[in-house]
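Let's look at a structure together and ask what stands behind each label. Each answer sets a value beside its cut-off and then draws the conclusion.

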Amino acid sequence: MTEENKALLARINAYAENVLGDIDPQKVQVSVQLEKLRPVMEEIATEKGMALEDVFILYMDLQSEASASSNQKLKESLQDLNDGFDGSSPLLFR
């Protein structure tokens, strides 16, 4: 992920913290969540000369990439913990 994309993701996520703070992402449809993020994404689209739809797609891609990266780091850290238990694996990760 480029530094520009990291900054864009951080900007949208900071906005999301403010407007989605009380929303349970597991219970609220993604379309509703994205609609709440529309103002910041419109701002970014205007600044970058992009279509709003392209900003939505870019955000979803970046969020997926960040999530996969976090998941891999967690998996690796749990593996490091498991390696210290003489072949037994008390911590499972799926």
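**How the labels are earned**

Q: What is the order of elements along the protein chain?
A: This is a predicted model. From the N terminus on, its elements run α-α-α. The secondary structure comes to 3 helices and 0 strands.

Q: What makes the link between E4 and K48 a salt bridge?
A: The cut-off is a side-chain nitrogen of Lys or Arg within 4 Å of a carboxyl oxygen of Asp or Glu. The closest N and O atoms of E4 and K48 are 2.7 Å apart, so the pair meets the definition. E4 lies in helix α1 and K48 in helix α2, so this bridge ties together parts 44 residues apart in sequence.

Q: Why is K48 called partly exposed?
A: Partly exposed covers the range between the buried limit, under 20%, and the exposed limit, over 50%. K48 has 37% relative accessibility, so the label fits.

Q: How do you know that R11 and E47 form a salt bridge?
A: Their side chains meet at 2.7 Å, N to O, and the limit is 4 Å, so the pair counts. R11 sits in helix α1 and E47 in helix α2, 36 residues apart, and the pair links distant parts of the chain.

Q: Are R11 and E47 exposed or partly exposed?
A: R11 has a relative accessible area of 30%, so it is partly exposed. E47 reaches 52% relative accessibility, and because exposed means over 50%, E47 counts as exposed.

Q: What makes R38 and E35 a salt bridge, and how far apart are they in helix α2?
A: The N to O distance is 3.6 Å. That is within the 4 Å limit, so this pair qualifies. R38 and E35 are 3 residues apart in helix α2, which means that about one helical turn separates them. R38 is partly exposed at 30%, and E35 is partly exposed at 45%.

Q: Which residues are joined into one network by salt bridges that share partners?
A: The network joins R11, E43 and E47. The structure holds 6 salt bridges.

Q: How do you know that N5 has contacts beyond its neighbours in sequence?
A: Contact means heavy atoms within 4.5 Å. Leaving aside neighbours within four places in sequence, N5, which lies in helix α1, is in contact with L58 and L62. N5 and L62 are 57 residues apart in sequence, with 7.3 Å from C-alpha to C-alpha.

Q: How much space lies in the largest pocket, and which elements line it?
A: About 370 Å³ of space lies there. The lining has 15 residues, and L20, P25, Q33, Y59 and Q63 are the ones nearest the centre. The elements that give two or more residues to this lining are α1 (3-19), α2 (30-48) and α3 (52-83). By class, the lining has 9 nonpolar, 5 polar and 1 charged residues.

Q: What share of the protein chain is buried, and what does the chain expose?
A: Buried means under 20% relative accessible area. Buried residues make up 20% of the 94 residues in the chain. The chain exposes about 6,800 Å², and carbon and sulfur atoms supply 51% of that area.

Q: What share of the contacts with a separation of 6 or more joins residues 24 or more positions apart?
A: Such residues account for 45% of those contacts in the protein chain.

Key. Residues are numbered from 1 along each chain as its sequence is written. This is a predicted model: local features need pLDDT of at least 70, side-chain atom pairs count only at pLDDT 80 or more; totals for chains, interfaces and linings use all residues. Side-chain values use heavy atoms; hydrogens and water are left out. On a 1 Å grid over the protein atoms alone, a cavity is a set of points where a 1.4 Å probe fits but cannot get out, and a pocket is an open set with protein on both sides within 12 Å along at least five of seven lines; lining residues have an atom within 4 Å of a point. Grid points are joined across faces, edges and corners, and a volume is the space filled by probe spheres set on the points. Ala, Val, Leu, Ile, Met, Phe, Trp, Tyr, Cys and Pro count as nonpolar, Asp, Glu, Lys and Arg as charged, and the others, Gly among them, as polar. Buried means under 20% relative accessible area, exposed over 50%, partly exposed in between (1.4 Å probe, protein chains only). Accessible areas come from the Shrake-Rupley method with a 1.4 Å probe; for residues, only the protein chains shown count as cover.
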